[in-house]
Amino acid sequence: MNREYGGQSMVDPIRKVVVRRPDAAFGSADPERWHYTDRPDLRVAQEEHDALVEILRGKGAEVVYHDTLLPELADAIFVHDAAIVTDAGAVILRMGKELRRGEEAAIANCFDRMGIPIHARLEGDALAEGGDLLWIDDHTLAAGLGFRTNVEGLKQLAAALEDVGAGVTPVPLPYGDGPDACLHLMSLISMLDHDLAVVYLPLLPVPFVELLQDRGIRLVEVPEAEFPSMGPNVLALAPRKCLALEGNPVTRERLEAADCEVLTYKGDELSLKAEGGPTCLTRPCLLYTSDAAD
């Protein structure tokens, strides 16, 4: 069966992915307002992004650019957060970070141009960001409950996922550095295979860790020293084929010991200054699954 969207997984091979090249809004971002560590160098950030895109293409992904002009939205390069794509179409989220409001409509327009239907939209008081939403399997969406995603968001997500036979598992998040910082669920965990995840254990709640272990998911631990440099933020291009931020040598060694192929990209301006790794910079919208073959 041919289709143009779908794949409720964090690990199946990526067939089509949306990205957004850093633009003037990103390059001119006020670090204090956007909670960046410093103002990014736009030229270098674009070069780093171009190299990341070439890695994606080299692994067989069709790359689609989300290029709508968004002069006030520096964080819009992190296309993972404004929506998820299910087997029934896109679910347009509602950003918990008020500065990012407006990204939702823009990504919906991008999907419309790609022929991806809008299955649902979060409304009213609902909040949810893609960085808090982690497919454990195609029927289970783990959802971080914190500053960026709230109870009403999870309620509306659960209703939207009924049509695709999936449920939502809440995962309470720690306070971390407070509401202005970005601590998503995927700041703490990335799925690398159906039975493998990379995690920063100290900030994960015990019931969630036990759920993962009960499902036979092996956990590769990120050391404390590599948590600030986004050691847990790893994009699975396919099962056990990973894209990670350059550096974090201990985490990389542990991933390779777990039979992972680890590719890296340089992200000094693109990722480290803006606190967003490879998962944040990509929105997979079509995966190679058993019913999405050519």
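**View 1. Helix H4 lies across three strands in this predicted model.** Helix H4 covers residues 103-114. The strands beneath this title are S3, S4 and S5. H4 runs at about 170° to S4. A second helix, H5 (residues 151-161), packs on the sheet too. H5 touches S3, S4 and S5. The direction of H5 makes about 155° with that of S5.

**View 2. Three strands form an open sheet.** The order is S3-S4-S5, and the pairing is mixed. S3 and S5 (118-121) stand at the edges. Each edge strand has a single partner strand, so one side of each is left without a neighbour in the sheet. From one strand to the next, the twist averages 20°.

**View 3. S3 and S4 run antiparallel.** Strands of a sheet pair through backbone hydrogen bonds, either parallel or antiparallel. Here, four bridges join S3 to S4 (residues 89-92). Look for Ala 83, which stands opposite Ile 92 in S4.

**View 4. His 66 sits in a loop between two strands.** Strand S2 (62-65) lies on one side of the loop in sequence, and strand S3 (83-86) on the other. His 66 has a relative accessible area of 4%. Buried means under 20%, so His 66 counts as buried.

**View 5. His 66 has contacts beyond its sequence neighbours.** Residues within four places in sequence are left aside here. The contacts of His 66 include Val 18, Val 19 and Arg 20. Val 79 is also in contact with His 66. So are Ala 106, Ile 107, Cys 110 and Arg 113.

How values were computed:
Residues numbered from 1 in each chain as written. Predicted model: local features only at pLDDT ≥ 70, side-chain atom pairs only at ≥ 80, totals over all residues. Heavy atoms only, no water. Buried < 20%, exposed > 50% of the residue type's maximum accessible area, 1.4 Å probe, protein only. Contact = heavy atoms within 4.5 Å. Pairing = 2+ DSSP bridges. Axes fitted to C-alpha atoms, helices over the stretch in contact; angles between N-to-C directions.
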